[in-house]
Amino acid sequence: MGDIVIALDLGTSGFRAQAVDLDGRKTLSTAVTTRHPIPGSNVIDHVNFAIDVGMERSNRLIMDTLNRLLPMLRVDLEKVTRIAVCGNPFQLSLFQNIEIRDLAYAGKKMLESLNVVPPKRDGDIVPANGLGLRGMPRASVIVPPAVGHEIGADALAMLLVTGAMEQSEPCLVVDYGTNAEMALIKDGKVYSGSAAAGPALEGQQIEMGMLAAPYAISEVNMRGQCWDCWVLDERFDPLEGDAVDPRTGEVKRMGKMHARAKGITGTGVVAALDCGIRSGLVEMLKVRTPDERLHLQDGIYVTGDDIMEAGKAIGAIRAGYLTLMRAAGLWVDDVPLSLMSGASGLYVDAIKAQRVGMVSPGSRKIVQYGNTSLVLAKELAIGKMELDDLRELARNLRATHCMFATSEVFKNIYSIELSLWLYGMPRHAYNDMLDIYGLPHLRLEPIDAIVERKMSRDISDVGSEGLAILQDPGTVLVGELEGCIMCGKCSDSCPEDALTIREGDPFPTATIRSDLCAGTACKRCELSCPEHAILIKDLELKENGRRGEVPLV
């Protein structure tokens, strides 16, 4: 075997890496994390954490995780000559340890008052060891460019891999994930946006949720009174599981994946939501079963709270693409093509997604893709695409970026979505609310769309050596708590069980597992402490041993 290159996708919900034999251009192995090491559930949380505690600590969280993940590829890292990385501008800036405040704050006056000088984000090639990646003395790292600091490498990947720019009719492309990147293309012009949808569509903040990984329920179909479950196998292929009664969980028919399900992906939750609505088991946010749960195989279930979490994500995505349409002077029937990328965009049933609102109801054709960021990183790593090519595309791209955080249209539509998903507004009242804001009506029933699936798996080729999963990056935030009275209120309030408090000398010690912590958007531990003894930003970062590695499969 000759030189090795690595493709790396820095996603908001986790990292994916692939080792490739440069001579044969064959994928050797794949390694992924199940979460992001920086506290928080979306890119806004990550940025707030970095600003609150400092860039250095945030960068170290990323590097410590990568230095555990890359050896799990089980290749000789000294043979690695090139690493290509892809991600949104926030993630790549945190990875490079460069300024992020220009991305976090809107307005030149604000940046000038903070003495912020926006760094260049037009792509770079830097030594791996200079970034803090260990054991690869020969490797250089290719960092792709961003467009106008708003459209990042992940958005370029989404546009390139899906062929969105080559369509003759207006089309909408969405990378479904924690930070839902989206773009509307009309007459060669790109209207882009990014919705902090949250992690529910990737299986997080769901009681029995998990990322798309082996033994996750990824799909649910109705067949009479039974629901058929589909479970991902070791190579991410969905195989038939059990048919169950959703009211009780009673198994009516065993499938090939019987007794193997360990959790449910966000796409499985979407499927269960759609089936629940169509069967009448989900109505006005209530789950109408004896124990108020939708039961799937192997004891896996979906709760009303799970439906609300999924609904908030769906609502953010729908508000996003409707805002882009409005900016382009279009509405749902004017955009006949929807392109779906990302794990959630591939594994979700496109018709179910359209019925619940993830996909525009006016789409006449829906095309599903997998992980476009990893595809772009791989093409850069093997030399199929050059950095200069991406720079030229970035320079020539005619783009208008819609800042959803400051858009009145987005705010108005998202308020309607929250009324629907959180407060039980009847679906038939949606158009009445649109009237209030002077917006066009939505179709109550979607167009019967044609669906084309371009890939069978999110990562189409995991390599001859298979897949390895890093369950726990092993990074923790630790600190002594002066004034702590060991009441336990902080740890009891933690929704993710990320915090433990132990006796210490002279003061008790707090330990927070960084990848589980909900970050600055939560801070329940700080708010619940009667002595105000715990402040996350004052805790130090430490490694906590090599735990949670799952062997290659």
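**A walk through a predicted protein model**

Let me begin with a sheet towards the end of the chain, where four strands form an open, antiparallel arrangement in the order β25-β26-β24-β27. The strands at its edges are β25, residues 499-502, and β27, residues 540-543, and because each has a single partner strand, one side of each is left without a neighbour in the sheet. From one strand to the next, the twist averages 30 degrees. Inside this sheet, strand β24, which covers residues 475-480, runs antiparallel to strand β26, residues 509-513, and five bridges join the two; if you would like one pair to look for on the screen, Gly 479 stands opposite Ala 510 in β26. Lying across β24 and β27 you will find helix α2, residues 55-69, whose direction is at about 5 degrees to that of β27.

Before going further I should say that this is a predicted model, with a mean pLDDT of 90 for the protein chain and 97% of its residues reaching 70 or more. The stretch to treat with care is residues 546-553, where the pLDDT is below 50, although in the model this stretch does have 31 contacts beyond near neighbours in sequence. As a general caution, where pLDDT is low, the predicted coordinates should not be read in detail.

Let us now go to the start of the chain, to strand β1, residues 4-10, in which seven of the seven residues are buried. In a regular strand the side chains alternate between the two faces of the sheet. In β1 both faces are covered, with Ile 4, Ile 6, Leu 8 and Leu 10 buried on one side, and Val 5, Ala 7 and Asp 9 buried on the other. As for its partners, β1 is joined by seven bridges to strand β4, residues 80-87, in a parallel pairing, and by seven bridges to strand β2, residues 15-21, in an antiparallel one. With β2 it forms a hairpin that has four residues between the strands, and there the bridge partner of Ile 4 is Asp 21. On the β4 side, Ile 6 stands opposite Ile 83.

Ile 83 is worth following a little further, since leaving aside its neighbours within four places in sequence, its contacts include Ile 6, Leu 8, Leu 133, Met 136 and Val 141. Ile 83 is also listed, together with Leu 66, Phe 95, Leu 133, Met 136, Val 141 and Leu 499, among the residues with the most contacts inside the largest nonpolar core, which has 95 residues. Apart from that core lies another, of 73 residues, among them Tyr 176, Ile 264, Val 282 and Val 359.

Next comes a second sheet, an open one with mixed pairing, whose seven strands follow the order β21-β9-β8-β7-β19-β20-β22. Its edge strands, β21 at 399-401 and β22 at 450-453, each pair on one side only, and the twist averages 20 degrees from one strand to the next. Helix α9, residues 304-327, packs on this sheet, touching β7, β8 and β9, and its direction makes about 25 degrees with that of β8. Strand β7, residues 171-175, is joined by five bridges to β19, residues 337-341, and the two run parallel, with Val 174 having Met 340 as its bridge partner.

Met 340 also appears among the residues touched by Gln 368, along with Gly 345, Val 451 and Arg 453. Gln 368 sits in strand β20, residues 365-368, so is it buried or exposed? With a relative accessibility of 3%, Gln 368 counts as buried, because the cut-off for buried is under 20%.

Last, I would like to show you two helices. In α12, residues 372-382, nine of the eleven residues are buried, including Leu 376, Glu 379 and Leu 380. At the start of α12 a side-chain oxygen of Asn 371 reaches to within 3.1 Å of the backbone nitrogen of Ser 373, and just after the helix Gly 383 takes a positive phi of about 90 degrees. Leu 376 and Leu 380 are both touched by Leu 390, which also touches Pro 144, Pro 145, Leu 160 and Met 385. Leu 390 itself lies in helix α13, residues 387-396, and is buried, with a relative accessible area of 1%. Its C-alpha atom is separated by 9.2 Å from that of Ala 146, although the two residues are 244 residues apart along the chain.

Technical notes:
Residues numbered from 1 in each chain as written. Predicted model: local features only at pLDDT ≥ 70, side-chain atom pairs only at ≥ 80, totals over all residues. Heavy atoms only, no water. pLDDT = per-residue confidence, 0-100. Contact = heavy atoms within 4.5 Å. Core = buried A, V, L, I, M, F, W, Y, C linked by side-chain atoms within 4.5 Å. Buried < 20%, exposed > 50% of the residue type's maximum accessible area, 1.4 Å probe, protein only. Pairing = 2+ DSSP bridges. Axes fitted to C-alpha atoms, helices over the stretch in contact; angles between N-to-C directions. Polar contact = N/O pair within 3.5 Å; in protein donor to acceptor, adjacent residues only side chain to side chain.
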